[in-house]
Amino acid sequence: MDYLPDQLLWEILDRIKKTADRNSVSLTCKRLHKVDSEQRKFIRVGCGLDPATESLASVCNRFPYLERVEIIYSGWMSKLGKQLDDQGLRVLSSNCSLLKDLTLSYCTFITDAGLSSLASCSKLSALKLNFAPRVTGCGILSLVMGCKKLAVLHLVRCLNISSVEWLEYLGKLETLEDLCIKNCRAIGEGDLIKLGPSWRKLKQLQFEVDANYRYMKFYDRLAIDRWQKQWIPCSSMLELSLVNCIISPGRGLACVLGKCSNLEKIHLDMCVGLRDADIVCLAHKSKNLRCISLRVPSDFSLPLLMNNPLRLTDESLKALAENCSQLDSVRLSFSDGEFPSLSSFTLDGILALIQMCPIRELALDHVYSVNDFGMEALRSAKHLEILELVGCQEVTDEGLQLVGQFLQLRVLRLSKCLGVTDDGLKPLVGACKLEMLVVEDCPQISERGVQGAAKSLNFRQDLSWMYS
């Protein structure tokens, strides 16, 4: 080992991806130990860090060139020792001068004071906080004022971040490319206007409102006017995900949907108030759209929206088909299958998509308009490789048997489908057509019935959903 050149040792260690293996190799000799210390850029620690501050200091001294650190306390209990606190973050900021990416998950002892100490990490470009209940908007503001290169910010279940001055400050920096805000109860859709000029640089936006804490935020006239006068186009936006949001005409996030000229992927989940006009506007503007996921809410009782058309119809699907020629992944879902007679997407709209777009992946969740006739119509999907049916109760064995005639299909997923049995899969047994078959919670399909139907099988039977 002493005669191997340094470059070869670096290449050997670089090919060892598992942390446990690297740890073992680094203990075989002093030279490998030294090379590993210099080469290690990433480390993940958590409940085993005890005593926390002293142990973290030791880790930082051992690996002086760390660029990415994850501190995760999922499953922590008091008997596992004290969690990392503000003092630990001060140790991290003073010892990791090259730190670029930091994740803090379930770090419940960290406060604004600890987060403020990270402001000295001038190279920090990505911060992800998951359940940091003691952190407020003041802590976020002090951090972003020091970290001028911050491009990625994820805030998940940070319940006490109420003030949004930090959003306004980030907007002026124009460095933010990836923003994720999920279940932060005090941050509403209307607050995103404060990003201002940063909308121009933003590439990914994920915004999710806590479904158990959803509230209607009545915008005052000034707030409405600011959204309507928002002239900055979201020309850099590639991915947009909105969950449990309020989409009101001329307000908030509705103003964004028609400005993403380079959007490639969009996920709209339980967004109350979403209209055909919003999707049509999106389709005309986002010609590069490749992936769309729509989950329609079942709650139509919000008084502010009662005067608006609340259901998406085939008009939306046909607009996508006519304008988004690169669309290859589509997921249509109805919330838990409530009001099946109100399914707003018909077979005509779905067929327009598969006939005019190169749909490679199609997922239909509680779409009651898809039946055996619909399965026969899907045979015209020339590019379809992946098909997922969830709760499609109108599909029977007769329709399922047609899957063997889908020219390009290689993956089939069935979940909670009551109308299909082992007989529906018989044409696939021994045919060697499918690469993967996944069957979950379909009461009339047995594990024996799926044997030989695909090269790779995944079978699960949990019928508790039928009685809940």
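The following paragraphs describe the overall make-up of a predicted model and then turn to selected helices, loops and side-chain pairs.

The chain comprises 468 residues, of which 50% are buried, and its secondary structure amounts to 17 helices and 16 strands. Along the principal axes, the C-alpha trace extends over about 65 × 65 × 45 Å. The accessible surface of the chain is about 21,300 Å², and carbon and sulfur atoms contribute 51% of that surface. Among the contacts in the chain with a separation of 6 or more, 75% are made by residues 24 or more positions apart.

Helix H4, which covers residues 52–62, illustrates how buried and exposed positions are distributed around a single element. The residues Ala52, Thr53, Ser55, Leu56, Val59 and Cys60 of this helix are buried, and because these buried residues fall within an arc of 165° when seen down the axis of H4, they line one face of the helix. This arrangement can be read against the regular geometry of such elements: an α-helix has 3.6 residues a turn, so residues three or four places apart point the same way. Glu54 and Asn61, on the other side of H4, are exposed. The cover over the buried residues of H4 includes strand S1 (42–46) and helix H5 (86–95). In the loop that connects S1 to H4 lies proline 51, and the peptide bond leading from aspartate 50 to proline 51 is cis, with an omega near -5°.

Strand S1 also takes part in the charged pairs of the model, which holds 25 salt bridges. In one of these, the side chains of arginine 44 and glutamate 70 meet with an N to O distance of 2.7 Å; this pair links distant parts of the chain, since arginine 44 belongs to strand S1 and glutamate 70 to strand S2 (residues 68–72), 26 residues apart. The two partners differ in their accessibility: arginine 44 has a relative accessible area of 51% and is therefore exposed, whereas glutamate 70, at 10% relative accessibility, is counted as buried. Glutamate 70 also forms a salt bridge with arginine 68, in which the closest N and O atoms are 2.8 Å apart, and arginine 68 is partly exposed because its relative accessible area is 35%.

Another group of charged residues, consisting of Arg360, Glu361, Glu385, Arg410 and Glu435, is linked in a network of salt bridges. Within this group, arginine 360 and glutamate 361 form a salt bridge whose closest N and O atoms lie 3.9 Å apart. Arginine 360 counts as partly exposed at 28% relative accessibility, and glutamate 361 is likewise partly exposed, with a relative accessible area of 23%.

A polar pair is found at serine 316, which is placed in helix H12 (residues 314–323). With a relative accessibility of 0%, serine 316 counts as buried, and its side chain is joined to that of aspartate 276 by a polar contact of 2.4 Å. When residues up to four places away in sequence are not counted, serine 316 touches Asp276 and Ile279.

Several loops carry residues with distinctive backbone or surface features. Tyrosine 106, in the loop between strand S3 (101–105) and helix H6 (112–117), has a positive phi of about 60° although it is not a glycine, and at 26% relative accessibility tyrosine 106 counts as partly exposed. A positive phi, of about 55°, is also found at lysine 416, again a residue other than glycine; lysine 416 is located in the loop between S14 and H16 and is partly exposed, with a relative accessible area of 28%.

The loop between strand S14 (411–415) and helix H16 (422–425) also contains leucine 418, which at 33% relative accessibility is counted as partly exposed. Together with Met466 and Tyr467, Leu418 forms a nonpolar patch on the surface, and the accessible area of the three residues together is about 320 Å².

Finally, arginine 200 occupies the loop between strand S6 (178–182) and strand S7 (204–208), where its relative accessibility of 30% places it among the partly exposed residues. Although arginine 200 and cysteine 260 are 60 residues apart in sequence, their C-alpha atoms are 9.8 Å apart in space.

Definitions and conventions. Residues are numbered from 1 along each chain as its sequence is written. This is a predicted model: local features need pLDDT of at least 70, side-chain atom pairs count only at pLDDT 80 or more; totals for chains, interfaces and linings use all residues. Side-chain values use heavy atoms; hydrogens and water are left out. Helices (H or I, at least four residues) and strands (E, at least two) are DSSP runs, numbered from the N terminus. Buried means under 20% relative accessible area, exposed over 50%, partly exposed in between (1.4 Å probe, protein chains only). A polar contact is a pair of N or O atoms within 3.5 Å; within protein, one must be able to donate a hydrogen and the other to accept it, and residues adjacent in sequence count only if both atoms are side-chain atoms. Contact means heavy atoms within 4.5 Å. Patches are made of residues with over 30% relative accessible area and no salt bridge: like charges are joined within 9 Å, nonpolar side chains (Val, Leu, Ile, Met, Phe, Trp, Tyr) within 5 Å. Accessible areas come from the Shrake-Rupley method with a 1.4 Å probe; for residues, only the protein chains shown count as cover. A salt bridge is a side-chain nitrogen of Lys or Arg within 4 Å of a carboxyl oxygen of Asp or Glu. The arc is that of the directions from the helix axis to the C-beta atoms.
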